[in-house]
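Let's take a walk through this structure together, starting with the fold and ending where the chains meet. Keep the 3D view open as you read.

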Number of protein chains: 2
Amino acid sequence: MYPIRNNIMSNIELNDKKIQILEVAEKLFSEKGFEGTSIRDISKHAKINIAMVSYYFGSKERLLEALIIYKTSDLKLQLENLLLENLEPLDKVNKLIEIYINRISCNKGIFRVLHFEINAKKREKSFIAFTELKKGNLKSVESIIAQGQAKGVFRKDVIIPLITPTIIGTFFHFHMNKPFFEELLNLKTEAMYNDYIKNSLTKHIQQTIKALLVYEN
Amino acid sequence: MYPIRNNIMSNIELNDKKIQILEVAEKLFSEKGFEGTSIRDISKHAKINIAMVSYYFGSKERLLEALIIYKTSDLKLQLENLLLENLEPLDKVNKLIEIYINRISCNKGIFRVLHFEINAKKREKSFIAFTELKKGNLKSVESIIAQGQAKGVFRKDVIIPLITPTIIGTFFHFHMNKPFFEELLNLKTEAMYNDYIKNSLTKHIQQTIKALLVYEN
DNA sequence: GTTTAAATTAAACAGTCGTTTAATTTTATT
DNA sequence: AATAAAATTAAACGACTGTTTAATTTAAAC
């Protein structure tokens with residue numbers, strides 16, 4: 001018999017096979033985009049039958065939905081925990097940046113898809129889930145910066161909703177031009193590339209945001 | 001007879017019809033991605049026969065190449081002119097940011113495609129052209145910042161290749177999340193959205209880069 | 001007006017796409 | 001071991017893909 005392919009089933013109950021499919025899908029989507037990846041590609045790389053994707057997720061579109069939820073569900077939690085930590089405002093901001101970069105760095109594939117496939121088309125369900133994630137993130141950032149402003153450490157004329165674009169945007173632009181920067185900065189191996197992100201790029205972003213928040217004209 | 005469909009013809013000789021096709025292609029590529037846009041889509045919107053795209057450009061891939069060259073050729077010139085201007089280093093940086101934002105803002109569509117289609121696949125020809133553009137841009141930025149450092153206005157420990165990611169990345173991340181920020185910042189019309197970019201967002205980026213270049217620990 | 005080249009067209013090409021089908025095998029339950 | 005559910009399969013579906021074809025119309029040259 002065929003299972004009822006509703007959202008509850010396809011999104012929450014994730015068995016090993018489903019996760020295997022999601023991992024392959026993420027890899028291929030990030031390499032070739034959503035439209036550029038066929039279900040036949042996915043099933044070939046995941047070594048399953050073509051029909052299994054539809055069987056498990058219902059459709060390619062719903063596979064994307066499941067992928068988004070699967071990959072973004074714990075970032076929110078991580079940020080909420082950061083809020084409760086007892087840190088100086090600047091340290092908190094630095095840690096926020098680290099969380100962002102680490103989180104996105106580990107999920108480069110899906111974030112690429114998120115930004116360039118979701119917003120483009122009218123993928124309603126996926127879009128709403130993504131918007132909620134962003135709203136939650138913004139609240140966390142607002143809260144952290146408000147703490148620093150209350151302590152008189154941060155200036156008060158920064159436009160807070162534009163902080164996240166600077167953090168994530170810088171990282172993303174770097175990553176989207178990976179081949180360019182690999183050549184320019186002589187990052188010959190994948191390890192060197194990841195090291196550069198973890199050290200130099202993260203530092204640059206932290207330095208940038210610190211300067212923006214602290215600098216007085 | 002059929003014209004020789006070589007690069008010289010398809011890239012340089014741009015008649016009205018070709019430009020019309022390129023404009024439509026940019027619009028659709030930016031909305032639905034390269035893979036997500038069919039030649040039938042393009043020909044329908046451009047009100048031409050399907051075969052005309054192949055006739056003029058040779059293939060869909062070569063259409064993309066032509067589009068990139070068509071849309072990026074004058075940015076390089078604009079930056080080289082900026083170098084020659086007699087301005088204070090900080091004013092020069094601010095103007096650089098304005099040029100970047102204005103230039104990309106007017107060509108949002110193609111830059112979206114550039115970042116997410118080019119780097120993903122092995123579109124060699126397009127990729128090389130794009131890499132050359134970025135190298136030239138970096139040289140301009142290096143030169144401007146070196147001027148400021150020589151005058152003792154800018155600090156000397158900034159990683160210059162990461163300046164551009166911060167400028168363009170911030171703008172891009174904002175634009176990629178257009179629907180999100182439209183709702184968040186209450187930008188009800190297209191004019192209000194563009195105004196926000198021209199004023200608030202540009203100011204934010206200028207303020208950020210200034211702080212980064214000038215701020216002393 | 002005739003000739004030659006360019007532009008434009010409808011139709012067909014061979015593939016690929018996402019999805020569904022019905023049959024079969026595997027697994028779990030009793 | 002028998003029964004029921006779930007997983008897996010190969011095959012087919014119609015729709016769409018980029019590209020090419022050969023025929024026709026339009027424009028330019030002489």
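The paragraphs below look at one chain, then its aromatic rings, and then the interface.

A word on provenance before we begin: this is a predicted model. Start with chain A, where you will find eleven helices and zero strands. Reading along its sequence therefore gives an unbroken run of α elements, α-α-α-α-α-α-α-α-α-α-α, since only helices and strands are assigned here as DSSP runs. Chain A has 217 residues, and 53% of them count as buried. How do the contacts spread along the sequence? Taking the contacts in chain A with a separation of 6 or more, 67% join residues 24 or more positions apart.

Now turn to the rings. Over all chains, the count comes to 15 aromatic pairs. One of them is formed by A:Phe180 and A:Phe181, with the ring centres 5.2 Å apart and the planes at 75 degrees. That pair is edge-to-face because its angle is over 60 degrees. Both A:Phe180 and A:Phe181 are buried. If you widen the view a little, ring pairs link these two phenylalanines with A:Phe174, A:Tyr193 and A:Tyr196 into a cluster.

One member of that cluster, A:Tyr193, also has a charged partner: A:Lys178 lies over the face of its ring, at 4.8 Å from the centre. Chain B offers an arrangement of this kind too, where the charged end of B:Lys18 sits over the ring of B:Phe57, 5.5 Å from the ring centre.

With those details in mind, let's move to the place where the two chains meet. Here 49 residues of chain A are in contact with 50 residues of chain B. About 4400 Å² of area is buried between chain A and chain B, and carbon and sulfur atoms give 68% of it.

What about the polar side of this interface? Between chain A and chain B there are ten residue pairs in polar contact, with both residues at pLDDT 80 or more. The count of salt bridges between the two chains is two. A salt bridge to look for joins A:Glu183 and B:Lys135, whose closest N and O atoms are 3.3 Å apart.

Which helices of chain A supply this surface? Helix 7 (108-118), helix 8 (124-150), helix 9 (163-176), helix 10 (178-184) and helix 11 (190-214) each supply at least two residues of the side that touches chain B. The largest share, ten residues, comes from helix 11 of chain A.

Note on methods:
Residues numbered from 1 in each chain as written. Chains lettered and ligands numbered in written order. Predicted model: local features only at pLDDT ≥ 70, side-chain atom pairs only at ≥ 80, totals over all residues. Heavy atoms only, no water. Phe/Tyr/Trp six-rings, centres within 6.5 Å; stacked < 30°, edge-to-face > 60°. Buried < 20%, exposed > 50% of the residue type's maximum accessible area, 1.4 Å probe, protein only. Lys NZ or Arg CZ within 6 Å of the ring centre and 35° of its normal. Contact = heavy atoms within 4.5 Å. Buried area = accessible area lost by both parts, 1.4 Å probe. Salt bridge = Lys/Arg side-chain N within 4 Å of Asp/Glu carboxyl O. Polar contact = N/O pair within 3.5 Å; in protein donor to acceptor, adjacent residues only side chain to side chain. Helix = DSSP H or I, 4+ residues; strand = E, 2+ residues; numbered from the N terminus.
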